[in-house]
Amino acid sequence: MNKFKKAVIFFGVILYVCFGAIFFVHHFLPLKERLLLVGIFFILNLLLMIGFVFGKKGSAAAAGALLFVIMSAEAVSGYYVWSSIQALDAVSNKPSQNGDESREKPDAPQTQEELAKPFYVYLSGKDTNGSLEKTSRSDVNMILTVNPGTHVVHITTIPRDSYMRIAGKGNDRYDKLTHAGNYGVQTSEETLENFFGIKIKYHMMVNFDSIVGIVDALDGVEVENSEEFKAQGYRFKTGRIHLDGKQALVFARERYGLGDGELARGRNHVRIIKALIERASSPAILMNYPAILQVIAKEVSTNMPRQTMVDYINYQIANNKKWKISSSQLQCFGTMGLPSYQMPG
């Protein structure tokens, strides 16, 4: 065997070992799928390496070309998995906001039965650009009731100015819900737990930059708009419309030009969430996968541990069912003159 063939075989073996290690060290994909994938690549590598080393000139060249294809597939899939793990680490390991350090990390599901149990996620949309570490008002407040067992997500939107007792540093005094965000996501989460009488397991934070970045990385989203309106130089017609990142942010923020004001804005938030889930679950996501990962790593923060996210990804792959999305909205009425704990007077 000449030096060139030895180098190719050595590189191929190292690449295959790294490929398999990435999947098994991080438990990416369910065990059965991991074993099947790594086993298939092992057989292909072995047969092609034998053909490349011992075959005649023509067959050796063909085996070498196929071996190069297999090695490239290993490199690309290994890179995708590694990039995914790095992005999930970045999302789950962002520094806590002020006032959030006391919150205990949620327990990770240990079995398939536990993974199938329903849980609540609080989605907080901050009214800022830049770093998610900054505390600020929470203008978007949603509770996602996630049931992996039935593959149903129910989105409950809560208007930003809902008047309720603010937990934590809000000293259980009445104020607008949006002000709870100034004390950290933990305070907003506990405020909603107390109001609804539930236990929220995970939270997720985004801001203005997050929406623009994620939508643009997905090459835009399609939403069903029920009310025509104008805002910040854009005109949003009724029917199915395509939004880029900046348009999606304007669409999500507008309330004064809508007949139902804040309640209509909440319904538009749900439309964007549905559109994001629809777009992210389509095959088109593979074309911009690295860019999407970079945006998520930078623009999203959650207290869900990385391995728990991987476990839920594996659970979805193993069950391979389409999610059903429903929504509801906390109904409110407007009034003036109520005292604000954070902004007295």
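**Cysteines, sheet order, a pocket and two loop residues**

With a relative accessibility of 42%, Cys 18 falls in the partly exposed class, in a model that is predicted. Cys 332 is likewise assigned to the partly exposed class, its relative accessibility being 36%. Both values lie in the interval between the limit of 20%, under which a residue is called buried, and the limit of 50%, over which a residue is called exposed. As for covalent links between cysteines, the distance rule, which asks for two cysteine sulfur atoms within 2.5 Å, returns a count of 0 disulfides.

The model contains an open sheet of 6 strands, arranged in the order 11-6-1-2-3-12 and with mixed pairing. The edges of this sheet are formed by strand 11 (301–302) and strand 12 (324–329), and because each of them has a single partner strand, one side of each remains without a neighbour in the sheet. Strands of a sheet are joined through backbone hydrogen bonds, in either a parallel or an antiparallel sense. Strand 1, which covers residues 119–126, and strand 2, which covers residues 138–147, are paired in the antiparallel sense, with 8 bridges between them. Within this pairing, Tyr 122 has Ile 143 of strand 2 as its bridge partner.

The second largest pocket encloses about 740 Å³ of space. Its lining comprises 24 residues, of which Asp 161, Tyr 163, Phe 333, Thr 335 and Leu 338 are the closest to the centre of the pocket. Two or more lining residues are contributed by each of strand 4 (163–166), strand 5 (173–176) and helix 9 (262–280). In terms of residue class, the lining of the second largest pocket is made up of 12 nonpolar, 7 polar and 5 charged residues.

Backbone geometry was also examined at two loop residues. Leu 29, although not a glycine, has a positive phi of about 80 degrees, and this residue is situated in the loop that runs between helix 1 (3–25) and helix 2 (31–54). The relative accessibility of Leu 29 is 16%, which is under the 20% limit, and Leu 29 therefore counts as buried. Asp 219, also not a glycine, has a positive phi of about 60 degrees and is located in the loop between helix 7 (208–217) and strand 7 (221–225). For Asp 219 the relative accessible area is 49%, a value between the 20% and 50% limits, so Asp 219 is classed as partly exposed. Of these two loop residues, Leu 29 is thus buried, whereas Asp 219 is partly exposed.

Notes
Residues are numbered from 1 along each chain as its sequence is written. This is a predicted model: local features need pLDDT of at least 70, side-chain atom pairs count only at pLDDT 80 or more; totals for chains, interfaces and linings use all residues. Side-chain values use heavy atoms; hydrogens and water are left out. Two strands pair if DSSP finds at least two bridges between them. Helices (H or I, at least four residues) and strands (E, at least two) are DSSP runs, numbered from the N terminus. Buried means under 20% relative accessible area, exposed over 50%, partly exposed in between (1.4 Å probe, protein chains only). On a 1 Å grid over the protein atoms alone, a cavity is a set of points where a 1.4 Å probe fits but cannot get out, and a pocket is an open set with protein on both sides within 12 Å along at least five of seven lines; lining residues have an atom within 4 Å of a point. Grid points are joined across faces, edges and corners, and a volume is the space filled by probe spheres set on the points. Ala, Val, Leu, Ile, Met, Phe, Trp, Tyr, Cys and Pro count as nonpolar, Asp, Glu, Lys and Arg as charged, and the others, Gly among them, as polar.
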